[in-house]
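The questions below take up a single model, and each answer is reasoned through before the name or value asked for is given.

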Amino acid sequence: MKMNSLWMDTARLPEFPRLEHGIKTDVLIIGGGLAGILCAYFLEQSGIDYALIEADRICGGISGCTTAKITSQHGLIYSLLLQRFGTERTRMYWEAHEGALAEYRRLSQSIPCDFEEKDSYVYSVDRPERIEKELSALDQIGCRAELASRLPLPFPVAGAVRFPKQAQFHPLKFAAGIANGLHLYEKTAARAFDGRGVLTDFGRITASKIIIATHFPLFNKHGAYFLKLYQHRSYVLALEGAPNLQGMYLDERDTGLSFRSYKNLLLLGGGSHRTGKQGGNWKELTAFAQAHYPQAREKYRWAAQDCMTLDGVAYIGQYGKGTPDLYVATGFNKWGMTSSMAAAMLLRDMVEGKKNPYAFLFSPSRSVLRPQLAVNVFEAAASLLTPSKPRCPHMGCALKWNPQEHSWDCSCHGSRFSAEGTLLDNPATGDLEQH
């Protein structure tokens, strides 16, 4: 059994040089995950001068730990969006992610990345009324979804919403194909932002426009992302010898299970919890696998961390009201594949000065008056007032020991550190001091 994702173990990513001196470029992209690489790819296609810097290796973080579902079905999101935003904005959310799916389908024709068309299902174990409500919302926006009552899962369901002709793929094989030949720099961390440029350990990068695609945004001065975002961890087992499921399946509950197959492996996901809190972790998945797939053998296990927004919609666009040439893509709410593509297409248009019909939908400056804001404020205040060490260097919150993953985790904003204090997940930008 390997403690890294099967994607990282079965793909070879191209290597890029470290930045050795200061440079000047029209557009600087910070962050070498899939969102940043796609931004670079589209700018390359448009003939725009750009550079991308990554603190470590490209796709070495969350992009390599996904379950790699490419779908516009993001849980039972549409009934919630209809209630919050109305019919038109809900329809636009669906259209934006359907457009992202179509672009993956187009690009994957020339990139060997195990792209497969699959139906996607969101099921409920005991709340059929939620399935009915979602189907009604989808009907209102013109999305042709279907009701499914029987699934090839080892337990009965009360019903499911089926999205036909969605997709899955190998994300790092795709990233390798997209990244080849782009202007990328690895092992080059952004240390400070000074308005028109970014300082690195090897020189200053001057840029007319800057895109922050670092999972959790780096700069606290603008945008209030430390209030608008929190992070959530989820876990995956790759099982050999389990049934091959011809589809992608997700429980409508936040703490439920997800399923998809990749070649001879079943990817079982779940055990979710807010970073810094307790949850099911791999123990929950192991218990389920032993009970329902006793002949299966665990080949891989890994964890992912996702930025969650206040209203379930990603923040893509101008970083803050006072930063017209600084952009951001964050808060993908566990749907990083289609959200990365939608973000890259939107940010390309913004950089080129083109109008994009989805800009106002994803605007980071939209209202923060959502119930989740109070939860985020409470978590931050409680952690800041906890008189314990070590403290997170991001904003000084107390860190909690995670015995499952042997890490120090921050429940405020989701930074994580190894037992020795090495940074594992941002928004912190450096290691812990000796503790």
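Strands, cysteines and a helix pair

Seven of the nine residues of strand S4 (residues 116–124) are buried, so S4 is largely enclosed by the rest of the structure. The model is a predicted one.

Q: Which strand pairs with S4 in the antiparallel sense, and over how many bridges?
A: One bridge places Glu 116 opposite its partner Gln 168, which belongs to S6. The pairing of S4 with strand S6 (residues 159–168) is antiparallel, and the number of bridges it runs over is eight.

Q: Which strand runs parallel to S4, and which residue in that strand stands opposite Val 122?
A: The parallel partner of S4 is strand S12 (residues 248–251), to which four bridges join it. Within S12, the residue that stands opposite Val 122 is Leu 250.

Q: What is the strand order of the open sheet of four strands, and which strands stand at its edges?
A: The order of this open sheet is S18-S19-S20-S21, and its pairing is antiparallel. From one strand to the next the twist averages 30°. A strand with a single partner has one side left without a neighbour in the sheet, and this applies to the edge strands S18 (399–402) and S21 (423–425).

Q: Over how many bridges do S20 and S21 pair, and which residue in S21 stands opposite Arg 416?
A: Strand S20 (residues 416–418) pairs with S21 in the antiparallel sense over two bridges. The residue of S21 that stands opposite Arg 416 is Asp 425.

Q: Is Ser 407 buried or exposed?
A: Ser 407 has its place in strand S19. Leaving aside neighbours within four places in sequence, its contacts are Lys 400, Trp 401, Asn 402, Arg 416, Phe 417 and Leu 424. Because buried means under 20% relative accessible area, the value of 0% for Ser 407 makes this residue buried.

Q: Which cysteines does a disulfide join, and where in the chain do they lie?
A: A search of the whole structure finds one disulfide, and it joins Cys 397 to Cys 412 with an S to S distance of 2.2 Å. The two parts that the pair ties together are 15 residues apart in sequence, because Cys 397 lies in the loop between helix H11 (371–384) and S18, and Cys 412 in the loop between strand S19 (407–410) and S20.

Q: What is the handedness of the link of Cys 397 and Cys 412?
A: Both ends of the link are buried, Cys 397 at 2% relative accessibility and Cys 412 with a relative accessible area of 3%. The angle about the S-S bond is -100°, and the link is left-handed.

Q: Why is the sulfur of Cys 113 without a bond to Cys 59?
A: Cys 113 is buried, with a relative accessible area of 2%. A disulfide requires cysteine sulfur atoms within 2.5 Å, whereas the closest cysteine sulfur, in Cys 59, is too far from that of Cys 113 for a bond, at 13 Å.

Q: At what angle do helices H3 and H5 pack, and how do the residues of their contact divide?
A: Helix H3 (residues 77–85) and helix H5 (residues 128–141) pack at an angle of about 65°, with their axes 7 Å apart, and H3 passes H5 in a left-handed crossing. The contact includes Ile 77, Tyr 78 and Leu 82 of H3, and Lys 133, Glu 134 and Ala 137 of H5. The residues of the contact divide into six nonpolar, three polar and two charged.

Methods:
Residues numbered from 1 in each chain as written. Predicted model: local features only at pLDDT ≥ 70, side-chain atom pairs only at ≥ 80, totals over all residues. Heavy atoms only, no water. Axes fitted to C-alpha atoms, helices over the stretch in contact; angles between N-to-C directions. Left-handed = near helix turned anticlockwise from the far one by under 90°. Contact = heavy atoms within 4.5 Å. Nonpolar A, V, L, I, M, F, W, Y, C, P; charged D, E, K, R; others polar. Pairing = 2+ DSSP bridges. Buried < 20%, exposed > 50% of the residue type's maximum accessible area, 1.4 Å probe, protein only.
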